[in-house]
Amino acid sequence: MKNLFRLCCILFSGFIFSQNENPNIIFLIGDGMGLSQISAGMYANGNKTALEDFTTVGLSKTYSSDNLVTDSAASGTAMATGVKTYNGAIGLDPNKNPHISILEICAEKGYKTALLATSSIVHATPASFYAKVPSRKNYEDIALALSKHSVNLFFGGGKKHFEKREDGRDLIDEMDSYDFVKNLRQLEKSTSDKIGYFTYDDEPPRKLDDRTPALDEAVEIALEKLKAHDQPFFMMVEGSQIDWGGHANETDYILSEFKEFDTTLQKVLEFAKKEGNTLVVVTADHETGGFALTQGSIETGAMIGKFNTKGHTATLVPVFSYGPYAALFSGIYENTAIFEKMKSIVK
Ligand code: MG
Ligand code: ZN
């Protein structure tokens, strides 16, 4: 009788699943990636970018609740949870109320979830998807939030915030449901439902200083892992250091970080085209550097830029989309609408 009940459950859930059109969602954020960063990266790379294969383009208004010029915490929170908040806030609105993120909504609907970044995993952008803390600088609290979260796969630096803590706790020890892998081969082999990959103890170095492994290779393997499940998945991938190249006012730094991000986009698009039922959305949280391309050569790919600031700017940023529901992302809208649009397709 018990077995019959179980069989009915399996058949019924199979029926539900076959009716379930929930697409995979791959959300890629180029931190600080404005149009000039994209233009420079494209021209430097033989006048090509994977972004040309996206079918829909929109524009997002990035300002925060307390500043025309957002930071990555407020903008990350806006896109992850749908609320405009103050600069520095992670997952909280201006009244410090916590808000559920699109990753968490997806998890509640049975999605598998993944976060990959070329910064530390506790940095503002990825943190916006799982933590609710008043300041982006509360790295130990953010690490604690991740340690208690249900994220199925994460990849990024910042291991020290988990094991060399002021409270003396060793979160890696406490995260006993996770398989911690140390290289891509181990990532590929792991059969665990929860996988953690700390790429660096602190913030990962620049691509120019040989950061490994390549983001595109990690994403490719992560996609194969997520594909193996019957459930759809939500994955957020951040090209974190395009922003840091902007802060440093270094064109070469921007170009090298964009190139790795662009290669990642290409792999993600290949996956989406092959597998189908996968929405891919690419945007930036804000522009960084007030970067302008003032000289260069299409022939040689040499790019010379000028910068207006060491900080961020308030210019609109582009949103590119591909796959089911991609058309929702055309037009001009608030960055919070990105959350609303994604939420509307997760049934
Ligand atoms: Mg970031
Ligand atoms: Zn920044």
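The following legends describe views of a predicted model of a protein with a bound magnesium ion.

**Figure 1. Coordination of the magnesium ion (ligand 1) by three residues, Asp-31, Thr-125 and Glu-238.** The donor atoms are OD of Asp-31, OG1 of Thr-125 and OE of Glu-238, and they lie at 2.0 to 2.2 Å. Along the chain, the donors follow the spacing D-x93-T-x112-E.

**Figure 2. Asp-31 and Glu-238, a pair of magnesium donors from distant parts of the chain.** Asp-31 belongs to the loop between strand 1 (24-30) and helix 2 (35-44). Glu-238 is located in strand 7 (residues 233-239), and the two residues are 207 residues apart. Asp-31 counts as buried because its relative accessibility is 2%, below the limit of 20%. Glu-238, with a relative accessibility of 1%, is likewise classed as buried.

**Figure 3. The fold surrounding the site, with 13 helices and 14 strands.** The C-alpha trace spans about 75 × 50 × 45 Å along its principal axes. The radius of gyration is 20 Å, which agrees with the value near 20 Å for a compact globule of 347 residues. Of the contacts with a separation of 6 or more, 72% join residues 24 or more positions apart.

**Figure 4. Interior and surface of the protein, in which 56% of the 347 residues are buried.** The exposed area is about 14600 Å², and carbon and sulfur atoms supply 52% of it. The protein carries 35 positive and 45 negative charges, whose mean positions are 4 Å apart.

How values were computed
Residues are numbered from 1 along each chain as its sequence is written. Chains are lettered from A and ligands numbered from 1 in the order in which they are written. This is a predicted model: local features need pLDDT of at least 70, side-chain atom pairs count only at pLDDT 80 or more; totals for chains, interfaces and linings use all residues. Side-chain values use heavy atoms; hydrogens and water are left out. Donors are N, O and S atoms within 2.8 Å of the metal (3.2 Å for Na, K and Ca); water is not among the atoms, so sites may look incomplete. Helices (H or I, at least four residues) and strands (E, at least two) are DSSP runs, numbered from the N terminus. Buried means under 20% relative accessible area, exposed over 50%, partly exposed in between (1.4 Å probe, protein chains only). The radius of gyration is taken over C-alpha atoms; the globule rule is 2.2 Å times the number of residues to the power 0.38. Contact means heavy atoms within 4.5 Å. Accessible areas come from the Shrake-Rupley method with a 1.4 Å probe; for residues, only the protein chains shown count as cover. Lys and Arg count as positive and Asp and Glu as negative; His and the chain ends are not counted. The place of a charge is taken as NZ of Lys, CZ of Arg, CG of Asp or CD of Glu.
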